[in-house]
Each structure stands twice: as C-alpha cells, then as structure tokens.
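Colleague: I would like to go through this structure piece by piece. Please put it up, and then I will ask.

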Amino acid sequence: MTGSHAWPFLVARGRERGYRTLLAPDFLLAARDHGVLDDSVVPDAASDRPSVAEIVTMAGQALTVVHATHTVTAADVAEPGAKPRAPRDRHGRPLRLIYGFVCVDRPAGEPDPADLAFCRTAALDAYRRFLADEDGFEVTPGRAFTPRTVLGPRTGRTRHGGATGGGTATRDDAERPRPFPTPVGMLIVAAILLAVSIAAVGWIASRGPEPATPCPTATSSARATSARSAGASTGPSPQPRRPPCPTAPPSGRHAG
Amino acid sequence: MTVSLLALGVAVPLVVLGRWLHRRRRRPLDVSTPAPAFQVVALGQQGSGKTLLLASMYHALRVPSGQCYFLTAAHDDVARLNRWFTQMADAASPDWPHGTAKGETRLFSFDVKTRTAGSIATVLRLNYLEYAGELLTELQEPGSTAKDELYARIESADALIGVIDGYSIRLYVDGHPDGIVRLQETLSALIPAVIEASCPVNFVITKWDLLTDLHPDENVRLDMVRNHLISNPQFQALVNLHSTGRVVRLIPVSAVGPGFARIGPDGEVVKIPQREIRPANVDIPLSAVLPDLFEQVEARLNQETLTALRAEVRRRTFMDPLQALASLAAFAGQTAGRAVLASFGGSAAALVGDSLLGMFLDARAEPAPDRPTGLAHEFGDAERRIDQFRRARQRVLQEMQGKVLALESRLPASRLSGGV
C-alpha cells in the first residue's frame, strides 16, 4: 500500500437491502475495517460531482475518500433482452451509487474525471452482481490502481467517520453560555481594580515625604539637602530645584 | 493627595460594578431559556416512511395554524426538510425522495415556539433523529460504528415512535405472501429496540392512505389493522409491557394524504398525476411526546410525592410570578421535587431541572384564568414576562394534550392499551 495508489469503492442500496459497502479497498477488507466507508460517505444531490472526505478508520488509519453519486439508470443495469426500465427499490425510490476511490495521500487538486469514470465502471460491475443476488452478495475487494489525480502528502487528522457533510449536527456548541461577564467575574474584576488602586496609592505614599502643607522653610530645606548629599559626594552639591510651594503666596501679591 | 487617590481607587471599581448591575437590571429577563430538550427517535425499517413523515410533520407544524405553537429549525435543516417535502409533493415527478444513507444520520433540533404578549418564546426543544432504517435490521459491517451510535441514541431517548409500514399491512391484508414476511420483519426490527425502553412508546402506521379502501369508516379501518397487529403475540406483549400507567397509541398517519398515491401494477407505490397532498395526522406523533412523557412520570411517583406535587401545583396557581419562581426553586430542593426530576431520568432533567420542573407543574395545573387588568399592571416588567411565558407554555402543553385527546375521541381504536 503506497501513497501513490488508489482503490475503488462502492456504497449503495439494492431493491431490497439497505445501504452497505459493496466494493471496498482490499486492504480495508482484509483488516475488516471497510464499514467506515458506509458510515462516512454522503450522497450528493448532483450527479457524478466529486467530493473529498477525510476519514479515520477504527484502526486509526487516516484516509482520503473521493466520492460521487450516480443515480442508477435503466441502461446501467439492463439485462440482455429485457425492456429497459428505470430501477427502483421496493418502495419506489430511485437507486443511487456512492462510488469513488480511497487513497492514503490527499488529492493535490481537483480529482481527475478519468479516475472517477474508472471507479464507476468497477462500481457498476459490482452493483450488477449485487442486484442479481442481494442476500448472497459478498463485499468485492477493490484492487489498487494508479490514479491520474495528483496526490500530495497528508497533513492534519480527522476523527473516525469524519466525512464532509456527514456526522450528527447538534447545537450544543452554539448554546454554551458565554463565560464572561458573570456576576462572579465582575466581582473579581472589581476586586482586582480595587486592589490595584490601593496598591498604587500605597506606592505613591511610600515614595517619600511630599511637600505637604505647611510649605517647608529654608532651614528644613537646607537640612534635607544636606542629609541627601552626605556620604554621597564630598564635593559641592548644587541646590536641587524645587517647584514653587503651591501654598506660598507669590511675592508682591496677595493670595486670592 | 493620598486620600484623593484612595477615594478614586474605591470609586472606580464601584462605579464599574454599579453600571454593570444597572445594565443587568434593565436588560429584559430571559425567562424562556434554557428550554428543556427532549430526544425523540422514530424506529422504522428502511422505506417505512420515516423521512417523509418527518418532512410532512415539519411542514404541518412550521406555522401556528391549527395550534398556538410552531416549529423552527436550523436553516440548513429547514432546506433539507423543504427539499424532501417538495420532491414528495411534486405529483408531476414520479420520484419519491431518496432513502437516507447511513452517512446522512442527522439530529434535527426543533424549537417549539409560541407567541406571548410581546414576543416569541421557545417553550421546549424536540431533537429528532433521522437515520437509515437498515441500521435497525442489517448487520453492522466491520469497521462501522453507526449502529452502536443509533442504539445509544435509542437508549437515551425520551420518547420512541415505532413506525409500522402501512404498505406492509396492505400486503398482509390483501393476502400477499410478502405481507406476513414484511410485518414480521417490522416487528423483528422494533422489538429489540423497544423491549427495554423505559420511555413512552407509541406506534404509528405510515402510508395510511394506502389502506383507505379497507373500510369507509376510518375508526373501523383502524380497528381492523389494530386487530391484525394485536393478533401477533409478540406485538401484544410489547404493548402490554409499555402499558403500565399510560396509554399506548396506534396513530395512523399519511405524509401525503388520501388519493395522492396508489400501488402500481409492479407493486411499487406511485404518485397519481395532478393530485395535491393533504397530509393526515402527521402532527400528532410529535404532539404526543410531552403529554405521554409527563403522564408516565406522574405514574412513577409514589403517593407521598404525588400529594406534595398536587399541593405545589395548587399553591402555584394562586402565586404571583416571582413567588411561583421562588416556590419552584424551593420545591426542586425538596424530596418530592427531586423525586419528580429523577423520574424524568434523561439528560433533560439534569441540564434544566428547574425549567423542566416548572413546565411539568404547569402542565398538571388547571388552565389559569386571565389576571385582572389592574393586577397585571402591578407587576414589574420581569414579573409580567414570567407570567406571560408561563401562560403561553401552559397553553402549548394543553394544545398538545388536546390533539391527542381529539385523536382518541375521533379514533377510539387508536388506544392500543387502556393506560391502567
């Protein structure tokens, strides 16, 4: 089994029997893991339009499934000499084939129509044998072929049966309550804001004496300057510039 | 300076908190969420008519016509249902919708909504599983998990609908050799899925229109079919098993209605050109889900719990909306309230206990008289909304019950068991 190969498959319903895998890659059949195809592929409303699905088998193998849907025509299943008639199941519903190929690597671009045509031929061959004996039919092993579709290396991973458009849809995700804001969340935010504010106030208060009222006198100012410069430098220290005391009335004027 | 900063530090968080609380108070109280969700699974073989029943049922219930409630679903689901319905209803095309493939298994979530005085409220949600019928009857292929997943859904369902294909009954009644085989296949598919179910089970006969000519009187016709089914000891045993404390119903439905299709010369069901569909009884199976579930829950309660339940129902009748909410919360914490919730058993009870309990209690109450205008004016906005929602919900539940009772009245043969 190599990344450059592909294997044909077919999932279809008969006149009597329900949807099941009729043609499966030989390696999946040998590993008894082919039921994943049936679980994963979804019929398309458009005829023979390719879709690509990523699946993971029960054994954990990631695979790419290129599939298309074909409504069975009278010509597809006509028996020699019989009057052509659009085939239906016993409930009067048209019969559809979900066919295509499985590959280990992923198509790098659009699947080549020639590959799908090849697989449809193989699928119809298996399907005709199935219609002839629905109860006794055994799954046909699909042999590897070299596709024209350009395959590229696989990246990422998908869940079991995680085909495009398949799966069960629920609204659980959409309904999850918003985690925030909640009353508790808002209280926590308020508490953090309060704590930060108090810490900021404390930090500002601990930075040293502020020129609180009354405005420092020239003596105390000189003492403070002398204390700051002692031991730090033996040389002359310039008198630090201080802002004018907001409480001291400007000279020559009367405060307000 | 320090004092100013300290004041600012205290004030800012308080303002933020205050503004948020104020906004919360002004925001309309959403009394309609979360709506309890109930899981419904229709059990039927491939081709028995599950998909067409689902499409026709949605079509009948998507507008509040003939009932005060209506269904909504996700846009994609609505598109699917409409596509199936259109294909089915197109008499010019011979094709019926394709059968469901295993990969198309899908949970359709229907919100049951109704109009209250000022808005549309979601009363409950019905999750309806659509799947390929062959999962019930055919062997699971190696590497497949679809059948296991289906049975897990069946085990956790809040209601099961056993689907019996009317076409098979037609063959059986006509003495066709396939008739007995197909009926036996139907029962073989239903029995393992239903035999251990603890939730309510009803049976529907699809393609009822194909049996129209059995007898002109619909009830006589249904009685004939009922007798055919009951004569099978396995079916009789299945009905008996699920009859304790509640009615098991046999609901005849037709997704297309009489005169739209017939059995062709090759035995296939074919459309009759230029006919219009007139679905029959398709709204009843879903409408019966809640009344039956509530009936079963009540039947499971012991006498002591029942007494407490009825007392709470009476109390709530005379309470104003906020008192009723407080009382509900208190009741949910009491032994009787917990017993009621435990009787539901499924995930619905665990997730939305109070909401489910409120719905259950209101469903047990007599219809509430309209409040005097003056008294209603005394309510605040939130109280008014709660009151309106409760009344709307009660109306929905009563109409659901009403549909079931109307069926029983029109077709007494629809009762497979007496519910005693």
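Colleague: How many bridges join strand S1 (residues 37–43) of chain B to S5(B)?

Modeller: This is a predicted model, and what follows is read from its coordinates. The two strands run parallel. One facing pair across them is B:Val41 opposite B:Leu160 in S5(B). The number of bridges between S1 and S5 of chain B is four.

Colleague: Is S5(B) mostly covered or mostly open, and how many of its residues are buried?

Modeller: On one side of S5(B), B:Ala159, B:Ile161, B:Val163 and B:Asp165 are buried. On the other side, B:Leu160, B:Gly162 and B:Ile164 are buried too. Side chains in a regular strand alternate between the two faces of the sheet. S5(B) is mostly covered, and the buried count is seven of seven.

Colleague: Which residue stands opposite B:Ile164 in S6(B)?

Modeller: S5 (residues 159–165) of chain B is joined to S6(B) by six bridges, and the strands run parallel. Another pair along this edge is B:Asp165 with B:Thr206. The residue opposite B:Ile164 is B:Ile205.

Colleague: Why is S6(B) described as largely enclosed by the rest of the structure?

Modeller: B:Val201, B:Phe203 and B:Ile205 point one way from the strand and are buried. B:Asn202, B:Val204 and B:Thr206 point the other way, and they are buried as well. S6(B) is therefore largely enclosed, the buried count being six of six.

Colleague: What is the bridge partner of B:Val204 in S7(B)?

Modeller: S6(B) also pairs with S7(B), in the parallel sense, over three bridges. Within that pairing, the partner of B:Val204 is B:Ile251.

Colleague: Which elements of chain B do the buried residues of H8(B) pack against?

Modeller: The buried residues of this helix are B:Leu222, B:Val225, B:Arg226 and B:Leu229. Seen down the axis of H8(B), they fall within an arc of 105 degrees, so they line one face of the helix. An α-helix has 3.6 residues a turn, so residues three or four places apart point the same way. The elements of chain B that this face packs against are helix H6 (166–173), strand S6 (201–206), helix H9 (233–241) and strand S7 (250–252).

Colleague: What should helix H8 (residues 218–230) of chain B span, and how far apart are its end C-alpha atoms?

Modeller: The helix has 13 residues, and the expectation is 1.5 Å a residue. That gives an expected span of 18 Å. The end C-alpha atoms agree with it, being apart by 18 Å.

Colleague: Which exposed residues does H9(B) carry on the face turned away from its buried side?

Modeller: The buried residues are B:Phe235, B:Leu238 and B:Val239. They cover an arc of only 95 degrees around the axis, which puts them on the same side of H9(B). Their cover includes helix H7 (177–194) and H8 of chain B. The face turned away carries B:Pro233, B:Ala237 and B:Asn240.

Colleague: What feature does UniProt place at residues 43–216 of chain B?

Modeller: In the model, this span is 39% helix and 22% strand. Its end C-alpha atoms lie 29 Å apart. The UniProt entry is unreviewed, and the feature it gives is "domain: Double-GTPase".

Colleague: Is B:Asp362 buried or exposed?

Modeller: B:Asp362 is found in helix H16 (residues 353–364) of chain B. Beyond its neighbours within four places in sequence, it is in contact with B:Arg390, B:Arg393, B:Gln394 and B:Leu397. It has 23 C-beta neighbours inside 10 Å and therefore counts as buried.

Colleague: How far apart in space are A:Pro50 and A:Pro111?

Modeller: A:Pro50 lies in the loop between helix H2 (35–40) and strand S3 (51–56) of chain A. With 20 C-beta neighbours inside 10 Å, A:Pro50 counts as buried. Its contacts beyond four places in sequence are A:Val66, A:Ala68, A:Pro111 and A:Leu116. A:Pro50 and A:Pro111 are 61 residues apart along the chain, and their C-alpha atoms are separated by 7.1 Å.

Colleague: What pLDDT does chain A average?

Modeller: In chain A, 58% of the residues score at least 70. Over residues 157–181 of chain A, and also over residues 210–256, the pLDDT is below 50. Where pLDDT is low, the predicted coordinates should not be read in detail. The average for chain A is 73.

Note on methods. Residues numbered from 1 in each chain as written. Chains lettered and ligands numbered in written order. Predicted model: local features only at pLDDT ≥ 70, side-chain atom pairs only at ≥ 80, totals over all residues. Expected span 1.5 Å × (residues − 1). Buried ≥ 20, exposed ≤ 12 C-beta atoms within 10 Å, placed from the backbone. Arc of directions from axis to C-beta. Contact = placed C-beta atoms within 7 Å. UniProt positions renumbered as here; feature names shortened; annotations may be inferred. pLDDT = per-residue confidence, 0-100. Pairing = 2+ DSSP bridges.
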